[in-house]
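Welcome! Please take a moment to look over the sequence and the 3D structure before reading on.

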Amino acid sequence: MSLFDTRVPAVLLRTDRNPFHHGTLGAVRSLGRAGVEVHVVAECADSPVGASRYVSAPHSPPPPGASADEVAAVLRRVAARVGRPAVLIPMDDACALAAARLRAELAPAYLLPDMPDALAEQVADKAELAALCRALEVPHPETLVPDGPGEAARAAWRLGLPVVAKWSRPWRLPAGSGLRSTVVLRSAQEARELYLRAEEAGSRLLLQAFLPPGPDRDWFFHGYADRAGAVRAGGPGRKTRSRPRGAGLTAVGRWTPNPRVRTLAERITAELGYRGIFDLDFRRCGTTGDYHLLDFNPRPGAQFRLFTDTAGLDVVRALHLDLTGRPLPVDGAARPGRTFVVENYAPFSALGPAPGGRELAWHARDDRAPGRALWRLWSRHAAGRLRDRARRSPAPAAAGPARVVRQATAPTQDDERAGIH
């Protein structure tokens with residue numbers, strides 16, 4: 001008998017148009033292999049995800065930046081096609097916030113964790129997260145929220161240059177604006193100029209003390225807080241390679257025991273009353289050794305399949321089991337040393353021995369089509385990027401503007417759409 005109630009399908013929801021979102025493929029495979037019918041409400045036509053044998057049906061998503069009413073209308077249409085209650089799994093921040101706001105309206109067509117009102121939005125908002133960390137006494141880089149361009153310049157001097165600049169609600173950044181969710185600024189003038197684009201960005205600018213990257217400093221924790229608040233599945237991981245180096249998305253991650261990170265994750269979610277899947281990013285301070293919480297994502301992280309225990313449990317499976325009233329297996333053991341590799345970002349890391357076990361983002365023996373589709377699409381994309389760069393390259397003697405260097409622990413929206421990190 002299956003552990004899962006396979007009568008209850010799953011609906012994955014994503015409005016982000018990034019065709020290289022491997023986390024969505026991970027969720028499709030995880031549930032599909034368990035015998036769960038998987039519906040994908042995302043742009044699949046130009047994505048390797050749509051080639052997976054485990055996609056039961058693709059559905060057209062709401063447009064990027066869709067209102068809650070637009071999201072609800074699409075989900076009602078999908079529910080009518082599915083024909084029975086389904087577990088809803090948002091795969092990006094915008095969809096996670098919309099689903100949280102719509103939870104009562106979407107019931108009983110969709111099953112979602114029962115969480116305090118507005119909590120998902122609080123933790124996803126970078127400025128709100130800083131305030132929550134202060135209230136919980138959780139280490140977090142010193143953060144200032146200026147209310148004018150002059151104050152932004154003064155805040156940069158006060159924090160000490162270089163300084164990290166973030167938009168509090170990066171899911172609101174307009175496509176094609178050139179704005180990044182996170183950048184490192186080298187001067188007070190850059191802080192002043194960036195503040196002047198706040199209206200265009202659609203959210204507040206915050207400035208944050210810079211914690212330098214380094215070996216063994218970037219960590220993440222993926223977990224599922226069940227209906228009782230206990231953290232199940234998941235675990236702590238260390239980012240061993242990222243794109244770009246020292247920043248951005250995880251290209252290679254390793255399941256690494258870390259009691260301090262686990263304790264922090266469990267305390268944060270317990271004190272907030274959080275329920276559901278979460279993905280936390282930490283950076284260890286090289287001076288104090290403290291683990292600073294940088295991001296709280298109220299949805300699955302792209303590399304969640306790294307944390308698959310010996311019973312096959314991961315955070316997405318834990319969600320489906322819990323929301324359908326099925327017990328979660330307790331006989332699974334952690335698999336420290338296991339690695340997760342995103343082949344198009346770290347191709348050489350996908351080769352060679354992996355004594356602790358390895359999960360590839362795209363390639364799988366039981367689902368080969370997405371891996372083949374990835375390289376066809378990635379080759380076209382890379383060629384297009386090279387052509388664009390060649391067209392934009394200035395003449396050798398031309399003096400370019402002051403350079404703003406990006407340093408982030410999470411992908412920007414523009415980078416996600418482009419597939420370049």
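This report goes through the nonpolar cores, a pair of packed helices and two buried residues. Keep in mind that the model is predicted.

**The nonpolar cores**

Let's start inside the protein. The largest nonpolar core has 51 residues. Within this core, Leu12, Val28, Val40, Ile89, Val316 and Trp362 touch the most other members. Helix H10, which covers residues 315-323, gives the most to this core, with six residues.

Val40 is a good residue to click on. Setting aside its neighbours within four places in sequence, you will find Val40 in contact with Leu12, Thr24, Val28, Val55, Ala57, Pro58 and His59.

There is also a second, separate core, made of 28 residues. Among its members are Met115, Phe221, Tyr274 and Phe282.

**Two helices that pack**

Two packed helices are described by the angle between their axes and the distance between the axes. Now try this on a real pair: helix H1 (residues 22-33) packs with H10 at an angle of about 50°, and their axes are 9 Å apart. Angles under 35 degrees count as roughly parallel and those from 65 to 115 as roughly perpendicular, and H1 and H10 are therefore oblique to each other. Their crossing is right-handed.

Which residues make the contact? From H1 come Ala27, Ser30, Leu31 and Arg33, while H10 brings Val316, Arg317 and His320. The residues of this contact of H1 with H10 divide into three nonpolar, two polar and two charged.

**Two buried residues**

Next, two single residues. Are Thr15 and Tyr291 buried or exposed? Buried means under 20% relative accessible area. Thr15 has a relative accessibility of 7%, so Thr15 counts as buried. Tyr291 has a relative accessible area of 8% and is therefore buried as well.

The table shows where each one sits.

| Residue | Relative accessible area | Place |
|---|---|---|
| Thr15 | 7% | loop between strand E1 (10-13) and H1 |
| Tyr291 | 8% | strand E14 (residues 291-297) |

What surrounds them? Leaving out neighbours within four places in sequence, Thr15 is in contact with Pro62, Pro63, Pro64, Asp92, Ala94 and Cys95. On the same basis, not counting residues up to four places away in sequence, Tyr291 touches Pro139, Trp219, Asn258, Arg260, Val261, Leu264, Phe282, Arg283 and Arg284. One of these, Phe282, also belongs to the second core.

Finally, here is a distance to try in your viewer. From C-alpha to C-alpha, Tyr291 and Ala10 are 35 Å apart in space, and 281 residues separate them in sequence.

Conventions: Residues are numbered from 1 along each chain as its sequence is written. This is a predicted model: local features need pLDDT of at least 70, side-chain atom pairs count only at pLDDT 80 or more; totals for chains, interfaces and linings use all residues. Side-chain values use heavy atoms; hydrogens and water are left out. A nonpolar core is a set of buried Ala, Val, Leu, Ile, Met, Phe, Trp, Tyr and Cys residues joined through side-chain atoms within 4.5 Å. Buried means under 20% relative accessible area, exposed over 50%, partly exposed in between (1.4 Å probe, protein chains only). Helices (H or I, at least four residues) and strands (E, at least two) are DSSP runs, numbered from the N terminus. Contact means heavy atoms within 4.5 Å. Axes are lines fitted to C-alpha atoms, for helices over the stretch in contact, and angles run from 0 to 180 degrees between N-to-C directions. Angles under 35 degrees count as roughly parallel, over 145 as roughly antiparallel, 65 to 115 as roughly perpendicular and the rest as oblique. A crossing is left-handed if the near helix is turned anticlockwise from the far one by less than a right angle, and right-handed if clockwise. Ala, Val, Leu, Ile, Met, Phe, Trp, Tyr, Cys and Pro count as nonpolar, Asp, Glu, Lys and Arg as charged, and the others, Gly among them, as polar.
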